[in-house]
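Please open the model in your viewer and keep the selection tool at hand, as the stops below are meant to be followed in order.

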Amino acid sequence: MNETASSRRDVIRVLAGLGIAAAAADLRAQDAVKVDPRGYRVVLENDQVRVLEYVAKPRLGVCGQGMHSHPDHVTVVMTDVKAKVTLPDGKTFVAENKAGDTFFEAASTHSVENVGGRESRVLLVELKGAPRKA
């Protein structure tokens, strides 16, 4: 096994442990896998977390299509990505992340478009029992 595959597995194991402290469930947001089954793949699921892989071609959504919602989650960026983020109030900004960047995002609604010139890949680690934004 190469070092990259090993470190990815280690990251997933650590992130799976983060769900232990999640709060009570609020199931109002869409289920990403049901809304966009061609873009999402469930990598791991247990009673604490659900890890989703999302692959986006240039000019398509980075973590879903159009305006959509996510529960509290950790994002692990697997490839460099440049994305235009649009918030529900219409404000936009461009985010650039490098492969390996990892960040937490509270339940939110947004649209995220891959404005880079190549395919992007991210892992979303949903914390079960965490609040969802309607």
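## A buried tyrosine and its partner

Begin by selecting Y54, which has a relative accessibility of 2% and therefore counts as buried, the cut-off being under 20%. Bear in mind throughout that this is a predicted model. Now add Y40 to the selection: its relative accessibility is 7%, so Y40 counts as buried too.

Which feature do these two residues form? The structure holds 1 aromatic pair, and the rings of Y40 and Y54 make it up, with centres 4.5 Å apart and planes at 55°, so that the pair is tilted. Colour the strands that carry the rings, β1 (residues 40–45) for Y40 and β2 (residues 49–56) for Y54, and you will see why the pair ties together parts that are 14 residues apart in sequence.

## The whole chain

Zoom out next and show the protein as a cartoon, in which there are 2 helices and 9 strands. Followed from the N terminus, the elements run α-α-β-β-β-β-β-β-β-β-β. If you colour by accessibility, 38% of the 134 residues count as buried.

## The open sheet

Select β3, β8, β5 and β6, which in that order form an open sheet of 4 strands with antiparallel pairing. The edge strands, each of which pairs on one side only, are β3 (68–70) and β6. Looking across this sheet, you will find neighbouring strands turned by 45° against each other on average, with direction ignored.

Stay at the edge formed by β3, where the antiparallel pairing with β8 runs over 3 bridges. For a single residue-level example, select H70 together with S108, its bridge partner in β8.

## The largest pocket

Finish at the largest pocket, which encloses about 310 Å³ of space. Which residues should be selected to find its centre? Of the 22 residues in the lining, V85, F103, E105, H110 and V112 are the closest to the centre. To see the surrounding framework, display β4 (73–77), β5 (81–86), β6 (92–97), β7 (102–105), β8 (108–114) and β9 (120–127), which are the elements that give two or more residues to the lining.

As a last step, colour the lining by residue class: 13 of its residues are nonpolar, 7 are polar and 2 are charged. Strands β5, β6 and β8, selected earlier as members of the open sheet, are among the elements that contribute to this lining.

Technical notes. Residues numbered from 1 in each chain as written. Predicted model: local features only at pLDDT ≥ 70, side-chain atom pairs only at ≥ 80, totals over all residues. Heavy atoms only, no water. 1 Å grid on protein atoms, 1.4 Å probe; cavity = no way out; pocket = protein on both sides within 12 Å on 5 of 7 lines; lining within 4 Å. Points joined across faces, edges and corners; volume = space filled by probe spheres on them. Nonpolar A, V, L, I, M, F, W, Y, C, P; charged D, E, K, R; others polar. Pairing = 2+ DSSP bridges. Axes fitted to C-alpha atoms, helices over the stretch in contact; angles between N-to-C directions. Phe/Tyr/Trp six-rings, centres within 6.5 Å; stacked < 30°, edge-to-face > 60°. Buried < 20%, exposed > 50% of the residue type's maximum accessible area, 1.4 Å probe, protein only.
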